[in-house]
Amino acid sequence: MTIESKLFNLCIDESPPRNKPLVAKYMRSFAFPVLSKLSPFNISKTGSYLSANKNVILQKYGAEAENDITSVLEKLESLIADILSNSPFRELSSDNIDVKIWNKVLDDFSDQDGSRPTWVYTNWLYTECYIHRRIFEAFETSTFLKNYDPFYEQKMKALSHCEEAMDILGKFLIKYFNKNNVPLKNLREDLPKIIKCALWGNRCDLSQTGGDAIAQTESPLDLVESLQDLMLADESSKIVDFLFTSLNESKNNKILDIILDNAGYELFTDLCLADYLVTYKFVDIVRFHGKAIPWFVSDVTSQDFTATINYIAHTSRSETLKELGKRWEGYFKSGQWIFESEQFWTLPFNFGQMKSLDNELYSKLSESFLIISKGDLNYRKLVGDIFWEPTVPFTQAVGSFKPSKLLALRTLKSDITCGLAEGLAEHISKNDPDWLKIGKYAVIHVDGL
Ligand SMILES: O=P(O)(O)OC[C@H]1O[C@](O)(CO)[C@@H](O)[C@@H]1O
C-alpha cells in the first residue's frame with residue numbers, strides 16, 4: 001500500500017458536517033486536498049528552492065551552512081512523510097517563545113493516556129497552522145539558517161512582477177493626492193474602488209502555487225468593475241457610510257488596525273488603502289499587523305514589509321511608485337504608520353479565543369476605530385473555521401470577537417462561507433464546482449456597523 005493510499009483509506013468520502021470546525025478526514029472538504037496534495041507540494045517546493053539556491057546560501061552564510069541545508073532538507077522530507085502517513089503530531093522542539101504554547105495545545109488535544117492526535121482527525125485550523133509552524137521549525141533549529149525565510153525571494157519577485165498594475169493604481173492615487181481639494185462626492189465614489197483593489201489583491205497568494213508568482217497586469221481599477229459579479233456579498237456601502245459619517249465627528253487619533261495577509265501585490269494594495277484613508281482624514285494612525293515568522297508561504301513579515309516599502313520608494317522603475325513609496329516612508333518616520341507582528345497571528349487559534357488567550361492584543365484592538373481583516377485564513381479564524389450553513393449571518397459567525405468595528409476583505413480559497421443570500425451557494429456550486437478553491441469569488445463583510 002502506498003503512503004498516499006493510506007491517507008485515502010483513513011478518510012471518508014463525505015462532506016464535512018455543517019456548523020462544526022473543519023477536519024481533513026472529510027474528503028469532500030478542501031482540507032483534504034490541501035493536506036494530502038497542496039501542503040506536501042509546497043513543502044517539497046521549499047526544499048527544491050533551498051537545493052537550487054545552495055551556492056548562494058553558502059556564499060552568504062559560509063561553507064559551514066552546508067550541514068544546515070542537509071538537515072533542513074531532511075526535516076522537510078520527514079514533515080511530508082509524517083503528513084502522508086498520518087503519524088501522531090509531535091511536540092515542537094525549538095527555544096522560540098511560542099513553542100510552550102504550541103506544546104500545551106498539543107497536550108490539551110492528547111488523550112488522557114497520552115496518545116497524540118493525528119493530521120487527518122484533528123481540527124483543520126490547528127493542523128494547517130502546525131504544518132507551517134513545522135516548516136519554520138526546520139530552519140529555526142539550524143545553526144546558520146535560524147532566521148532564513150525560504151519564501152522571501154519569491155515574495156519580492158511577486159512584487160516586481162506586478163509593477164505594471166501597481167503603476168496604474170499608483171498614478172490614479174498620486175494624481176488624487178496632489179490635488180488641493182477633492183470634492184467629497186469624488187471621494188465617496190472612489191473609496192469603494194480602493195477598498196476593492198485591496199480585496200482583489202488577496203487573489204495573489206503564493207501558498208496556492210508553491211511560491212510561483214502570480215502576475216497582476218490588468219488595471220486594478222478596471223478589475224474592480226469587471227469582477228463585481230463575482231462578489232458574493234458586498235457590504236462595502238456600510239463601511240463607506242460609516243467612514244463618511246465619522247468625518248463630521250471631532251474624534252482624534254482614530255486608529256485603523258489592518259490584519260495583513262500576503263506580501264507582494266496584496267500588500268501594495270493594502271498600503272494604498274491605508275494612504276487614502278490617512279490622507280483624507282478618515283483615520284489618523286494605521287497599525288499594520290504582520291507575522292512574526294514566515295507563514296503560509298507568502299504572509300507579510302517585518303522583513304517583507306520594510307523591503308516592500310524600500311523597493312517601491314527606491315528600486316521600482318516607476319517615478320510614480322517612487323513618489324508613493326516616499327510618502328509611506330514619511331508616515332513611518334512620523335509615527336503615523338506602525339508595523340507590529342504579535343505572536344497570536346502565528347498560533348493555531350481562532351479570533352474568538354483572543355480575549356481569553358491574549359488579552360493584551362484584544363485590548364489593543366479595542367482601541368481601534370476600525371479593524372480590517374485581510375484574506376482567507378484570517379477570515380477562517382474570524383468565523384472559528386466552522387463549516388457554517390452559508391446563510392448564517394457573518395455577525396453571528398464571528399461570535400464573541402467584538403473588539404471594535406470590523407471589515408473583512410476576503411477572496412474565497414476554502415470552503416468556509418457565511419453571510420450569503422438564501423440559495424446563492426447552491427446556485428454557484430451547481431455551475432462552478434471549484435468556486436471555493438481558487439480565489440475567484442470574494443466577499444466583503446462587516447461587523448459592528
Ligand atoms: O492567503 P490567504 O488568503 O489567507 O489564503 C490562505 C488559504 O490558502 C490555503 O492555505 C490553501 O488553499 C487555505 O487553506 C488557506 O485558508
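Q: What does buried mean for a residue in this predicted model?
A: A residue is called buried when its relative accessible area is under 20%, exposed when that area is over 50%, and partly exposed in between. The model is a predicted one, and the values discussed below are computed from it.

Q: Why is helix α17 described as largely enclosed by the rest of the structure?
A: Helix α17 covers residues 375-382, and eight of its eight residues are buried, so the helix is largely enclosed. The buried residues are Gly375, Asp376, Leu377, Asn378, Tyr379, Arg380, Lys381 and Leu382. The helix is followed by Gly384, whose phi is positive, near 75 degrees.

Q: Which residues are the closest to the ligand?
A: Of the 15 residues that surround the ligand, the closest are Glu128, Asp376, Leu377, Arg380 and Lys413. Asp376, Leu377 and Arg380 are also among the buried residues of α17.

Q: What makes the approach of Arg380 to the ligand a polar contact?
A: An N or O atom in the side chain of Arg380 is 2.8 Å from an oxygen atom of the ligand, and because a polar contact is a pair of N or O atoms within 3.5 Å, this pair qualifies. The same test can be put to Lys413, where a polar side-chain atom lies 2.7 Å from a ligand oxygen, and to Asn202, where the corresponding separation is 3.0 Å; both values fall within the 3.5 Å limit.

Q: Why is Thr46 called buried?
A: Thr46, found in helix α2 (residues 31-52), has a relative accessible area of 3%, and because the limit for buried is under 20%, the residue is classed as buried. Leaving aside neighbours within four places in sequence, Thr46 is in contact with Leu76, Phe139, Pro150 and Phe151. Thr46 and Leu76 are 30 residues apart in sequence, with their C-alpha atoms 8.2 Å apart.

Q: Why is Lys326 called partly exposed?
A: Lys326 belongs to helix α14 (residues 319-334), and its relative accessible area of 43% is neither under 20% nor over 50%, so the residue is partly exposed. Apart from residues up to four places away in sequence, Lys326 touches Ala313 and His314. The C-alpha atoms of Lys326 and Ala313 are separated by 5.2 Å, although the two residues are 13 apart along the chain.

Q: What makes β2 and β3 a pair of strands?
A: Strand β2 (residues 255-259) and strand β3 (residues 285-289) share five bridges in the parallel sense, and because at least two bridges are needed for strands to pair, the condition is met. One of the partnerships links Leu256 with Val286 in β3. Together with helix α12 (residues 265-279), β2 and β3 make a right-handed β-α-β unit.

Q: How do you know which way the side chains of β2 point, and are they buried or exposed?
A: Ile255, Asp257 and Ile259 point one way from β2, Leu256 and Ile258 point the other way, and all are buried. In a regular strand the side chains alternate between the two faces of the sheet. Strand β2 also pairs in the parallel sense with β5 (residues 370-374), over four bridges, and Ile259 stands opposite Ser373 in that strand.

Conventions. Residues are numbered from 1 along each chain as its sequence is written. This is a predicted model: local features need pLDDT of at least 70, side-chain atom pairs count only at pLDDT 80 or more; totals for chains, interfaces and linings use all residues. Side-chain values use heavy atoms; hydrogens and water are left out. Buried means under 20% relative accessible area, exposed over 50%, partly exposed in between (1.4 Å probe, protein chains only). A crossover is right-handed if, with the strands pointing away from the viewer, the path from the first strand over the helix to the second runs clockwise. A residue is near a molecule or strand if one of its heavy atoms lies within 4 Å of it. A polar contact is a pair of N or O atoms within 3.5 Å; within protein, one must be able to donate a hydrogen and the other to accept it, and residues adjacent in sequence count only if both atoms are side-chain atoms. Contact means heavy atoms within 4.5 Å.
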